[in-house]
Amino acid sequence: MKKIFNSLPLIVAHLLLFFLTSCTIQKTSSPPHLINPSVLKNGDLIFVGALDEGLSGAIKRATILEGSYNYDHVGIVERTTHGIYVLHAAPTGGSQREELNQFYTLRKTEQNSIVVYRLKKNYTFAIPHAITQANTMLGKPYNWTYILNENEYYCSDFVERAFRKDQIFEHIPMNFKNKSSGEIDTYWIEFYTNFNQSVPQGYPGTNPNQLSQSSKLEMVGSLELYLTK
């Protein structure tokens, strides 16, 4: 009997490890359930799944999260009496207010998903100001260098700035290294050569995957625009 009691801490530790690991796997690998626009709320964040080629592929290779969903774009949902819109900064059009149907149609493919996240209850107080702030940033050009400045924005930068007053998100050192090789991805070397500058490895910034992993958010589901209510 004494031997059993002496072993209890080790048994509990193993059970706890199994429980935490199981929860993590379930959280990251289970496909999100399907939702339609009727469940969207003001201030929700809408993420676009990354693809494997081009700019999207380069973003994915540098920011990939193993065993989780990977995104290359993010915007803020604005729900009004006139419709549902996405406030975001995109390569085409810069910082803009885009009707949901158009946003979805232009970005949904057979290879990716459009996934919605929501601020947890303790942080929803930040939404009204974030929506107001985001609307003041419309019309700015897209920031192709991803080096922070006050005149141009990229997608996750736009979102971080919208919520900055309440410190919902934070800056991290930007990474342009291919996580498989540990070397700067050749796409980014060629990309920044066109700007006559070196790759800004380690500069402060944000990325969609980083935002999606915030402990202040919870996943709502994968948006399917044409589901019936």
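This is a short tour of the structure, stop by stop, with something to select at each one.

**Stop 1: the whole chain**

Start with everything shown as a cartoon, and keep in mind that this is a predicted model. The protein chain holds seven helices and nine strands. It has 229 residues, and 44% of them count as buried. Among contacts with a separation of 6 or more, 72% link residues that are 24 or more positions apart. If you switch on the surface, you are looking at about 12,700 Å² of accessible area, with 57% of it belonging to carbon and sulfur atoms.

**Stop 2: the sheet**

Now colour the strands. Seven of them form an open sheet with mixed pairing, in the order β1-β9-β6-β2-β3-β4-β5. Select 34-35 and 94-99 to mark β1 and β5 at the edges; each has a single partner strand, so one side of each lacks a neighbour in the sheet.

Stay at the β1 edge and add residues 217-223, which make up β9; this strand runs parallel to β1, and two bridges join the pair. To see one of the partnerships, select Ile 35 together with Leu 223, its bridge partner in β9.

**Stop 3: two helices on the sheet**

Select residues 100-107 next. This is helix α3, which packs on the sheet and touches β2, β3, β4, β5, β6 and β9. Turn the view until you can compare the helix with β5: their directions make an angle of about 110 degrees.

Then add α4, which also packs on the sheet, touching β3, β4, β5 and β6. Here the strand to compare is β3, whose direction makes about 105 degrees with that of α4.

**Stop 4: the two sides of α4**

Keep α4 (127-136) on screen and show its side chains. Which residues of α4 are buried? They are Ile 127, Ala 130, Ile 131 and Ala 134. These residues span an arc of only 100 degrees around the axis, and therefore lie on the same side of α4. The buried residues pack against β3, β4, β6 and α5. Rotate to the other side of the helix to find Pro 128 and Thr 136, which are exposed.

**Stop 5: Gln 96 in an edge strand**

Go back to β5 and select Gln 96, which sits in this strand. Is Gln 96 buried or exposed? Its relative accessible area is 17%, under the 20% cut-off, so Gln 96 counts as buried. Display its surroundings: leaving aside neighbours within four places in sequence, Gln 96 is in contact with Val 86, Leu 87, His 88, Ala 90 and Leu 138. Look too for the backbone oxygen of Thr 92, which lies 2.9 Å from a polar atom of the Gln 96 side chain.

**Stop 6: two residues with positive phi**

The last stop is about backbone angles. Most residues other than glycine have a negative phi. Select Tyr 146, a non-glycine residue with a positive phi of about 65 degrees. You will find Tyr 146 in the loop between α4 and α5 (155-162), and it is buried, with a relative accessible area of 7%.

Finish at Gln 167, another residue that is not a glycine and has a positive phi, near 55 degrees. Gln 167 belongs to the loop between α5 and β7 (172-173). Where Tyr 146 is buried, Gln 167 is exposed, at 62% relative accessibility.

Definitions and conventions. Residues are numbered from 1 along each chain as its sequence is written. This is a predicted model: local features need pLDDT of at least 70, side-chain atom pairs count only at pLDDT 80 or more; totals for chains, interfaces and linings use all residues. Side-chain values use heavy atoms; hydrogens and water are left out. Helices (H or I, at least four residues) and strands (E, at least two) are DSSP runs, numbered from the N terminus. Buried means under 20% relative accessible area, exposed over 50%, partly exposed in between (1.4 Å probe, protein chains only). Two strands pair if DSSP finds at least two bridges between them. Contact means heavy atoms within 4.5 Å. Axes are lines fitted to C-alpha atoms, for helices over the stretch in contact, and angles run from 0 to 180 degrees between N-to-C directions. The arc is that of the directions from the helix axis to the C-beta atoms. A polar contact is a pair of N or O atoms within 3.5 Å; within protein, one must be able to donate a hydrogen and the other to accept it, and residues adjacent in sequence count only if both atoms are side-chain atoms. Accessible areas come from the Shrake-Rupley method with a 1.4 Å probe; for residues, only the protein chains shown count as cover.
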